[in-house]
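Colleague: Before I use this model, I would like to go through the terms attached to it and hear what each one rests on. Could we take them one at a time?

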Amino acid sequence: MTGTSPLGPRQMRAWLGFLTASHLLEHEIERQLKRDGGLSHAEFEVLVRLDWAEGHRMRMSDLAREVMVSKSRLTYQVAGLEKDGLVRRRPCDADRRAVWAELTDEGAATLARVRPGHRAVVRELLIEQLSEDELEVLGDALNRVADRLRERARQRRR
């Protein structure tokens with residue numbers, strides 16, 4: 001089969017299953033984050049990446065790559081988080097063109113408030129629905145797909 005031929009029954013079942021499950025899971029995660037912290041899933045991902053980063057800060061360009069959004073989209077998201085007191089932007093002394101995004105204490109407190117519910121949703125609706133073997137296969141498969149997509153994005157930037 002070529003890349004343009006119709007998907008076979010097994011392929012279509014896998015594609016539609018992935019698509020449906022990912023949309024429904026995203027909706028449930030979004031609901032939980034809004035309820036527990038007033039955050040979108042995208043905003044939560046920004047806060048998590050800053051929390052994981054050394055010194056709880058990242059250059060905006062690096063953060064955009066980590067959360068897989070355009071620099072302009074990240075600027076918009078960070079502006080909202082900054083307005084809410086969850087993130088602050090600072091100039092980078094080493095590179096005047098660069099800007100740091102830093103997690104504030106209020107941002108860390110918001111993360112601490114929403115993480116238990118986030119983990120519960122992920123466990124209940126994904127992890128507990130799969131056997132250990134299925135989790136292994138799913139993790140391997142999705143990471144392979146993500147690697148392919150990252151490589152494709154790198155090729156486009158060249």
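Colleague: What makes the span of helix H2, residues 41-52, agree with what its number of residues should give?

Modeller: Keeping in mind that this is a predicted model, the expected span is 1.5 Å times one less than the number of residues, so the 12 residues of H2 should span 16 Å, and because its end C-alpha atoms are 16 Å apart, the two values agree. Several residues of this helix are buried, among them His 41, Phe 44, Val 46 and Leu 50.

Colleague: Why is Thr 110 called buried?

Modeller: Its relative accessibility is 4%, and the word buried applies under 20%, so Thr 110 counts as buried. Thr 110 is found in helix H5, residues 105-125, and, leaving aside neighbours within four places in sequence, it is in contact with Gly 37, Leu 39 and Leu 86.

Colleague: How do you know that strands E1 and E3 are paired?

Modeller: Pairing needs at least two bridges between the strands, and 3 bridges join E1, residues 57-59, to E3, so the two count as paired, and they run antiparallel. Within this pairing, Ala 101 in E3 is the bridge partner of Met 58.

Colleague: What makes E2 and E3 a pair as well?

Modeller: The reasoning begins from the requirement of at least two bridges; strand E2, residues 87-91, pairs with E3 over 5 bridges in the antiparallel sense, so the requirement is met. Here Val 87 has Leu 103 in E3 as its bridge partner. Strand E3, residues 99-103, is itself mostly covered, with 4 of its 5 residues buried.

Colleague: Why is the charged end of Arg 57 said to sit over the ring of Trp 100?

Modeller: The distance part of the rule asks for CZ of Arg within 6 Å of the ring centre, and the charged end of Arg 57 is 3.8 Å from the centre of the Trp 100 ring, so that part is satisfied. The charged end of Arg 59 also sits over the ring of Trp 100, at 5.6 Å from its centre.

Colleague: What does the record say about residues 127-154?

Modeller: An unreviewed UniProt entry carries the annotation "domain: HAMP" for residues 127-154. In the model this span is 82% helix and 0% strand, with its end C-alpha atoms 31 Å apart.

Colleague: How many helices and strands are there in the chain, and in what pattern do they follow?

Modeller: The chain has 6 helices and 3 strands, and along the sequence they follow the pattern α-α-β-α-α-β-β-α-α.

Notes
Residues are numbered from 1 along each chain as its sequence is written. This is a predicted model: local features need pLDDT of at least 70, side-chain atom pairs count only at pLDDT 80 or more; totals for chains, interfaces and linings use all residues. Side-chain values use heavy atoms; hydrogens and water are left out. Buried means under 20% relative accessible area, exposed over 50%, partly exposed in between (1.4 Å probe, protein chains only). A charge sits over a ring if NZ of Lys or CZ of Arg is within 6 Å of the ring centre and within 35 degrees of the ring normal. UniProt positions are given in the numbering used here, feature names are shortened, and annotations may be inferred rather than shown by experiment. Contact means heavy atoms within 4.5 Å.
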